Amino acid sequence: MMKLITCSLFCLVAVNLLFAQQFYIDSLQREAKITQNDTLRLVRLRTIARIYAEINPDSAFYYAEQSLKLSRKLNLKVDEGSALREMAYALLNKGRYPRALQTVLSAMDILEDPKSENNVLTGKFQGDDDLMYRFAAPRAQRLSEIAFAHQVLGVLYANSNNYERSWHHHLLGRQKAEQSGNVPLQSILNLTLNRVYLQLGKMDSAMISIQMAYNQAIQSGYKRYLGSILLNIGRTYAAMGNTSMANQY
């Protein structure tokens, strides 16, 4: 009976969270539709795409594509690269690996050009949860997006069982995130890098990377992926044969 009650409570909480999230998305969609401010519309489109990224890749792709069109209209090159990277991530989650690869490489072509820093959206907007920190310098924004793109490449190769290339792109992404000063992004890259190390059987490196992910999440206060980080600490302990610590995490 207790197990059933626990499940029921969990399901009720999950439904309430999904309802609240959908309410927020609906609000963003209305604002994106009615605002006459193209800059604000772009921010809202990007935010919607990011929310949908891991729950509805079709919608994520649609809104990322809309933000791509608007970025090109406004001649915002870093944001154009960001939109392409977001589209690539949606394609990745749809299992469209060849097109995802082509799209993220197109993003890299734009982002690796330092001149793209001359055209970038800056400023912080209400309700905008953006890991890019648009109030940061344009160079930091561009480096963060390059780091994101390397992560997409890393996950693409991991999903294709090419863990050595995945490891390579994760390290490049982490390096760019460090150069940008984007601590939340460093945490996310260390989280996905941990999974690659586990697949490669490099347990010590796996533990180091996931502990770094945890410390960076706490340091930055960005705890969106903290549950996944704790779970992966447990998985790493389990892979090392420490069942007691694995259960604890």
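A cavity here is a set of grid points where a 1.4 Å probe fits but cannot get out, and its lining residues have an atom within 4 Å of a point. Keep that in mind as we walk through this predicted model.

Run the search over the whole structure and you get 3 cavities of 30 Å³ or more. The largest cavity comes out at about 50 Å³. Which residues line the largest cavity? They are Arg46, Arg50, Ser67, Ser82, Ala83 and Glu86. Two elements each give two or more residues to that lining, namely helix H2 (38-52) and H4. H4 gives the most, with 3 residues. As for chemistry, the lining of the largest cavity splits into 3 charged, 2 polar and 1 nonpolar.

So let's look at H4 itself. This helix covers residues 77-93, and at 1.5 Å a residue its 17 residues should span 24 Å; the end C-alpha atoms sit 25 Å apart, so the two values agree. H4 is also mostly covered, with 15 of its 17 residues buried. Just after H4, Gly95 takes a positive phi of about 80°.

Now jump along the chain to helix H8, residues 183-200, where you'll find Asn190. Is Asn190 buried or exposed? Its relative accessible area is 0%, so Asn190 counts as buried, the cut-off being under 20%. And what is Asn190 in contact with, once its neighbours within four places in sequence are left aside? The list runs to Arg174, Ser209, Ile210, Met212, Ala213 and Gln216.

Definitions and conventions:
Residues numbered from 1 in each chain as written. Predicted model: local features only at pLDDT ≥ 70, side-chain atom pairs only at ≥ 80, totals over all residues. Heavy atoms only, no water. Helix = DSSP H or I, 4+ residues; strand = E, 2+ residues; numbered from the N terminus. Buried < 20%, exposed > 50% of the residue type's maximum accessible area, 1.4 Å probe, protein only. Contact = heavy atoms within 4.5 Å. Expected span 1.5 Å × (residues − 1). 1 Å grid on protein atoms, 1.4 Å probe; cavity = no way out; pocket = protein on both sides within 12 Å on 5 of 7 lines; lining within 4 Å. Points joined across faces, edges and corners; volume = space filled by probe spheres on them. Nonpolar A, V, L, I, M, F, W, Y, C, P; charged D, E, K, R; others polar.
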